Amino acid sequence: MPDYPPNDSGTAGPTASGPTTAGPTTGEPSTEVVRREQLPGLEPERHITDWGRSERVEHLVDATLGHFLYHYWHRVEAEGVENVPRRGGALLVANRAGQLRLDAALVGKTIREEHAAARPVHLAAPPALTDVPGLGMLATKLGVVPEHPANLLRLLDDEGQVVLVFPETRQERVKPLSSRYRLRSFDRLEFVRLAAQAGVPIVPVAILGSEEATPLLSGLGLLGRVVPLRLGIPVPLPARFRLRFLQPVRPDRLRNGRVGSSELAEDIRGLIQENLYEMVANRNSVWLG
């Protein structure tokens, strides 16, 4: 019988120190132990993710401002929420308009409230938003991440999260009110490639109401000539929102080399545009629905 040294209890027996910490011949720590020591410790009570998203701040904003805007101010109606997968990564691609990121907040609120799994949504935004002092920190705590391919791939593939992107081209020229809900071209096509690389579905989202809720004053005729060009409405107008989550698009065709990124992106853009035209035609009133 082997002669064990005394353990902490004072009796002889094998120690419960876990895996061997020495290599087979050199006496140095094994690779497995070194890797374990570099991992962050488990924090069951942690309320902040690795991306800086704060559960407490998000719940506070959601219970106050978010609840009011969603249920009473914009009276959001959503359909097709079940098209967002219950688990695994998914990329939401939507149209956007106006000055405020109101559309992104309402999409996230819809999935938290009306989806069976109540999944969180990460908004991929340009550095112009996340780098703003104060505002950028708040945006990060609410789930905004810098729009970088490495960030999106990690969220979609490694972590299996839901990510929202607005891939329309960013133009300095203000879109006139007569061009409401006419999508610009998708100039940022990396979202298609990343979805194919991660093997996740793309869920197109048609958003109705954002053009009227946060319009640019420069598009309002004489008033637009008086105020600065990029000045927007500081408080959203009470336009009614309608969100339509369309059938998921699998980027398998892209992975198999049957279509290119631009072709698949144009197909997705066409789906959103077609549904927006239908939603506008069926709307009785901007404010009452």
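Is Arg75 buried, exposed or partly exposed, and at what relative accessibility? In this predicted model, Arg75 counts as partly exposed because its relative accessibility is 23%, which lies between the 20% limit for buried residues and the 50% limit for exposed ones. Arg75 is found in the loop that links H2 to strand E1 (77-79), and its position is just after H2. The backbone there adopts a phi near 45°, a positive value in a residue other than glycine.

A second residue of this kind is Ala118, whose phi is near 50°, likewise positive and likewise in a residue other than glycine. Ala118 belongs to the loop between H3 and strand E3 (121-125). With a relative accessibility of 39%, Ala118 counts as partly exposed.

The overall architecture comprises eleven helices and seven strands. Of the 289 residues in the protein, 42% are buried. Among contacts with a separation of 6 or more, 73% are made by residues 24 or more positions apart. The protein exposes about 16200 Å², and carbon and sulfur atoms supply 55% of that area.

Helix H2 was examined in further detail. A kink of about 45° is present in H2 and is centred on Gly66. Gly66 is itself buried, as are Glu58, Asp62, Leu69 and Tyr70 of H2. The buried residues of H2 pack against helix H3 (102-114) and against H5.

His67 also lies in helix H2. With 31% relative accessibility, His67 counts as partly exposed, whereas Gly66 is buried. When neighbours within four places in sequence are set aside, the contacts of His67 are listed as Asp62, Tyr72, Lys109 and Glu113. The C-alpha atoms of His67 and Leu106 are 9.8 Å apart in space, while the two residues are 39 positions apart in sequence.

Electrostatic pairing was then considered. A search of the whole structure yields 14 salt bridges. One of these pairs joins the side chains of Lys109 and Asp62, with an N to O distance of 2.9 Å. Lys109 lies in helix H3 and Asp62 in helix H2, so the pair ties together parts that are 47 residues apart in sequence. Both Lys109 and Asp62 are buried.

A salt bridge is also formed by the side chains of Glu58 and Arg53, at 2.6 Å from N to O. Both of these residues are buried. A further salt bridge, between the side chains of Glu159 and Arg154, has an N to O distance of 2.8 Å. In that pair, Glu159 is partly exposed, with a relative accessible area of 29%, and Arg154 is partly exposed as well, at 32%. Salt bridges with shared partners join Arg53, Glu58, Asp62, Lys109, Arg112 and Glu113 into one network.

Within this network, the surroundings of Arg53 were resolved further. Arg53 is found in the loop between helix H1 (31-38) and helix H2 (55-73). Its relative accessibility is 5%, so Arg53 counts as buried. In addition to the salt bridge with Glu58, a polar atom of the Arg53 side chain lies 3.1 Å from the backbone oxygen of Val121. Apart from neighbours within four places in sequence, Arg53 is in contact with His47, Ile48, Glu58, Pro120, Val121, His122, Thr140, Lys141, Leu142 and Gly143.

At the surface, Val132, Leu135 and Leu138 make a nonpolar patch of about 220 Å². Val132 lies in the loop between helix H4 (127-130) and helix H5 (135-141). The relative accessible area of Val132 is 31%, so this residue is partly exposed. Helix H5, whose range is 135-141, is also one of the elements against which the buried residues of H2 pack.

Definitions and conventions: Residues numbered from 1 in each chain as written. Predicted model: local features only at pLDDT ≥ 70, side-chain atom pairs only at ≥ 80, totals over all residues. Heavy atoms only, no water. Helix = DSSP H or I, 4+ residues; strand = E, 2+ residues; numbered from the N terminus. Buried < 20%, exposed > 50% of the residue type's maximum accessible area, 1.4 Å probe, protein only. Polar contact = N/O pair within 3.5 Å; in protein donor to acceptor, adjacent residues only side chain to side chain. Contact = heavy atoms within 4.5 Å. Patch = residues over 30% accessible without salt bridge, like charges linked within 9 Å, V, L, I, M, F, W, Y side chains within 5 Å. Areas by Shrake-Rupley, 256 points an atom, 1.4 Å probe, with all protein chains shown as cover. Salt bridge = Lys/Arg side-chain N within 4 Å of Asp/Glu carboxyl O. Bend = angle between axes of the 7 residues up to and from the residue.
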